[in-house]
Amino acid sequence: MCPWTRRAFVAGALSLPVSCAAADAYEGPDDARAAAPGRYFPNHGDPGFHVAEYDLRLTYRPATRTLDGVARVTATADAAGEGFGLDLSSTLTVSAVSVDGATAQFRHRRGKLRVTPVSALSAGRRFVCEVRYSGRPKPLRTPFGEIGWDYTTGSPTGVLVASQPLGAPSWFPCNDQPGDKAAYRIAVTVPEGYQVVANGVLTDRTAVPGAGTTWTYQHAGPMASYLATLNIGRFVFTTQEGGPVPIRNAYPMRLAAAFDHDFGRQPQMMRLFQELFGPYPFEVYGSVVVDAELDEPVENQTFSLFGVNHVDGRRGSEHLVAHELAHHWFGNSVSLAEWRHIWLNEGFATYCEWLWSEHSGGASADRLAARNWADLADDGQRLRIGDPGPDRIFDDRVYSRGACTLHALRTTIGDEAFFATLRAWAAEYRHGNAATGEFIALAERHGHRKLDDLFRPWLYEKRLPPLPQRV
């Protein structure tokens, strides 16, 4: 879920995060129709190579908001070529690039780092590109607001990173497309008194004389670049028991009691989703609350990101806690092949809100589907959620109509076939990428019928179809 857009398009204007600083300009196409029928954001990513691992070694100085970075990118060329392109904000300055230890030529402009090795790449060649860079990171200005590296509003000022969908290049060089997933090692040196939260497992914490402490996180992934996160501040760390994997949380000290209440049922949520969808797909989970207000939380892989406004001591945002956790099956493990298939992320996670409500004694999925369908019916605007266009991927209707699509499938093929479909989806495409066509084929296989008449109007026609009723 993008942190500051879910409601924005319904209101007709972008809603920006409270803490946004001045941002780089978005360096992709402005016209929503320009990318069709190809990739929505063709200026992001390079299809000519595949990354196996990012090894990021960063030093951050809060007093000056400066970042020094060394990124080692281990990759394989998918096609022969003279070079390759990495996405990296022009706010950051590149000082040196090497490939397999040899100095490489490079050009850095308009958010793209073009690298030309000494010897041309051949298809199948594995290589290591090292990039040294520095600067004062800023969020990137995109059609969805200012996204990526940003700053918290508390004292002292910290860092939050929510990159979905285009913000990862604001802080590290990457192949920024959802289909290129990799392992990550993130080592960050910060002054004493600051803590670091990043993806995966904290494997080392080492004092560095005169510099502070280096926090090292490792995540085998695989993970898309937009799910990589880095949060720097002053946190309390706690662990919850009772889930299938450790649940390690981080939040400001003053929110301890409210956090324990509002996020206390994460282990039960994990057990429910594991029962419904199969094993939790990663080695760890947790929630981090940063000292800033966010319109919406974000499903960064292994650590979901929340703002202080999502902690009220009354479980007022518990449906969002369920939503972000569900993304670890639907969106993070099974990732979309391209951004046009975003309903596979957001429609599924929204439906999981309804499943948690049903399980925990709240409104049933039937009731929530009927309520959301009525809201959609009152909305005079229509949206083809199976291909919403690049400027509408976080439109509220992608979420609610996507969830209603799943409920329509459930009522059509029955609970047994429906949940078998979701389990098969999570298992067969685990740690991979998939598109709407694969999901439809899976639903037809488990439902033992053709489902074109169901999916076509829900996904690809503007007019809202009737919501099927349970027999």
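## Glycine 221 and its surroundings

In this predicted model, glycine 221 touches several residues that are far from it in sequence. Setting aside neighbours within four places along the chain, its contacts are Ala182, Phe282, Gln301 and His431. Glycine 221 lies in strand 15, which runs over residues 212–224. Is glycine 221 buried or exposed? Its relative accessible area is 13%, and buried means under 20%, so glycine 221 counts as buried.

Try finding glutamate 53 as well. Glycine 221 and glutamate 53 are 168 residues apart along the chain, yet their C-alpha atoms are separated by 9.2 Å.

## Two cis peptide bonds

Here is a general point to keep in mind: most peptide bonds are trans. Glycine 221 is joined to proline 222 by a cis peptide bond, with omega at about -5 degrees. Proline 222, too, has its place in strand 15.

A cis bond also links glutamine 164 to proline 165, where omega is near 0 degrees. Proline 165 sits in a loop, between strand 11 (159–162) and strand 12.

## The N-terminal annotated domain

An unreviewed UniProt entry annotates residues 53–227 as "domain: Aminopeptidase N-like N-terminal". Over this stretch the chain is 59% strand and 0% helix. The C-alpha atoms at the two ends of the stretch are 14 Å apart.

Strand 1 (residues 49–61) is a good place to see how strands pair. With strand 2 (residues 66–77), strand 1 pairs in the antiparallel sense over twelve bridges. With strand 12 (residues 181–190), strand 1 pairs in the parallel sense over seven bridges. Which residues stand opposite threonine 59? In strand 2 there is aspartate 68, and in strand 12 there is threonine 189.

## Positive phi angles

As a general rule, most residues other than glycine have a negative phi. With that in mind, look at the hairpin of strand 1 and strand 2, which has four residues between the strands. In this hairpin, arginine 65 takes a positive phi near 55 degrees.

Arginine 315 has a positive phi near 55 degrees as well. Arginine 315 is in the loop between strand 20 (304–307) and helix 4 (318–326), and is partly exposed at 29% relative accessible area. Then there is histidine 431, one of the contacts of glycine 221. Histidine 431 is not a glycine, but its phi is positive, at about 60 degrees. Its place is in the loop between helix 8 (415–428) and strand 22 (433–434), and with 26% relative accessibility histidine 431 is partly exposed.

## The second annotated domain and helix 7

For residues 269–458, the unreviewed UniProt entry lists "domain: Peptidase M1 membrane alanine aminopeptidase". Here the chain is 53% helix and 6% strand, and the end C-alpha atoms are 28 Å apart.

One helix to explore is helix 7, covering residues 396–413. Why can we call helix 7 largely enclosed by the rest of the structure? The reason is that 16 of its 18 residues are buried. Its length can be checked too: at 1.5 Å a residue, the 18 residues should span 26 Å, and the end C-alpha atoms are indeed 26 Å apart. After helix 7 comes glycine 414, with a positive phi near 90 degrees.

Histidine 407 is found in helix 7 and counts as buried, with 1% relative accessibility. What does the side chain of histidine 407 make a polar contact with? The partner is the side chain of aspartate 366, at 2.7 Å. Leaving out neighbours within four places in sequence, histidine 407 is in contact with Tyr351, Ala365, Asp366, Ala369 and Arg470.

## The nonpolar core

In soluble globular proteins, nonpolar side chains tend to be buried together. How many residues does the largest nonpolar core have here? The count is 143, and the residues with the most contacts inside this core are Trp171, Phe172, Leu230, Trp343, Phe439 and Phe455. Helix 5 (residues 343–359) provides the largest share of this core, with nine residues.

Take phenylalanine 172 as a closing example. Beyond its neighbours within four places in sequence, phenylalanine 172 is in contact with Tyr54, Leu56, Asp87, Leu88, Tyr133, Tyr184, Ser225 and Ala228.

Conventions: Residues numbered from 1 in each chain as written. Predicted model: local features only at pLDDT ≥ 70, side-chain atom pairs only at ≥ 80, totals over all residues. Heavy atoms only, no water. UniProt positions renumbered as here; feature names shortened; annotations may be inferred. Buried < 20%, exposed > 50% of the residue type's maximum accessible area, 1.4 Å probe, protein only. Contact = heavy atoms within 4.5 Å. Polar contact = N/O pair within 3.5 Å; in protein donor to acceptor, adjacent residues only side chain to side chain. Expected span 1.5 Å × (residues − 1). Core = buried A, V, L, I, M, F, W, Y, C linked by side-chain atoms within 4.5 Å. Pairing = 2+ DSSP bridges.
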